[in-house]
Amino acid sequence: MADNTVILDGAGVKRALTRIAHEVLERNKGVDGLVLVGIRTGGVHLAHELAARLNEIEGVTVPVGAVDITMYRDDIKGHSEHLPVGKTDIPFALEGKKVVLVDDVLFTGRTIRAAMDALMDQGRPSCIQLAVLVDRGHRDLPIRADFVGRNVPTSRSENIIVVFDEQNKPTEVILEK
C-alpha cells in the first residue's frame with residue numbers, strides 16, 4: 001500500500017489559488033484582455049476556481065475556456081485511434097489576448113507543450129502564461145510556470161494527485177509515495 005501525504009488541504013488550496021490570482025493581476029495590470037484556458041480535466045476545474053477568485057478581487061468576469069490535448073500529445077503516435085478525445089471549448093477569440101494556461105500538476109512539460117500547440121491552432125494570443133497548482137520538477141522540456149501554488153520536489157516514482165469533490169472543487173493535494 002502506498003504512503004500518502006497531504007501536501008495541501010482544502011484551505012491550503014484556496015490560499016494558493018488566491019495568491020495565484022493576485023500574482024496574475026499584478027503581472028497583467030488587471031484583467032483587461034485576459035482569458036483563462038484550462039487543460040482537461042483538472043486544469044479546467046482550476047481555471048474556473050481562478051476565474052472566481054479574479055471576479056471576487058476585481059469584480060470582472062474573466063472568460064474561461066478548455067483545451068483538450070489528446071491529439072497533440074507526443075507519446076501516442078500510432079495509438080491515437082484508441083484514445084478518448086475530449087472537447088476543446090474556447091468560446092472566445094484568442095487573437096491578441098493574454099492567455100493564462102491553467103493545469104493542476106506540472107511535471108515533464110510535455111502536456112504544456114501540447115497545450116500550447118493546441119492553443120496556437122486556435123489563434124495567435126499576444127502571450128501565454130502558465131499557472132499550475134503544483135510544480136513537481138523533472139522537466140523533459142524547457143518549460144516553467146509563471147504562477148505556482150506550491151513547489152513539491154518529488155522522485156519520478158512518486159505521484160501528485162489533486163483531489164476534486166462532486167462539484168469539481170479542489171479539496172486537497174496528495175503526494176503518493
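**Exercise 1. The largest cavity**

About 40 Å³ of space lies in the largest cavity of this predicted model; work out which residues line this cavity and which element gives the most to the lining.

*Solution.* Begin with the count, since the structure holds one cavity of 30 Å³ or more. Next, list the lining of the largest cavity, which is made up of Leu-17, Ile-20, Leu-46, Leu-50, Val-102, Asp-103, Ala-131, Val-132 and Leu-133. Then place these residues on the chain: the elements that give two or more residues to the lining are the helices α1 (10-28) and α2 (42-58), together with the strands β4 (98-106) and β5 (127-135). Of the elements, β5 gives the most, with three residues. Finally, sort the lining by class, which yields eight nonpolar residues, no polar residues and one charged residue.

**Exercise 2. The partners of strand β8**

Determine how many bridges join β1 to β8 and how many join β7 to β8, and name a bridge partner in β8 for Leu-8 and for Ile-160.

*Solution.* Start with strand β1 (residues 4-8), which runs antiparallel to strand β8 (residues 170-176) and is joined to β8 by four bridges. Within this pairing, Leu-8 has Val-173 of β8 as its bridge partner. Turn then to strand β7 (residues 159-164), which is also antiparallel to β8 and is joined to β8 by six bridges; here the bridge partner of Ile-160 is Leu-175 in β8. As a last step, look at the hairpin that β7 and β8 form, where five residues lie between the strands and Asn-168 takes a positive phi near 65°.

Conventions: Residues numbered from 1 in each chain as written. Predicted model: local features only at pLDDT ≥ 70, side-chain atom pairs only at ≥ 80, totals over all residues. Heavy atoms only, no water. Pairing = 2+ DSSP bridges. 1 Å grid on protein atoms, 1.4 Å probe; cavity = no way out; pocket = protein on both sides within 12 Å on 5 of 7 lines; lining within 4 Å. Points joined across faces, edges and corners; volume = space filled by probe spheres on them. Nonpolar A, V, L, I, M, F, W, Y, C, P; charged D, E, K, R; others polar.
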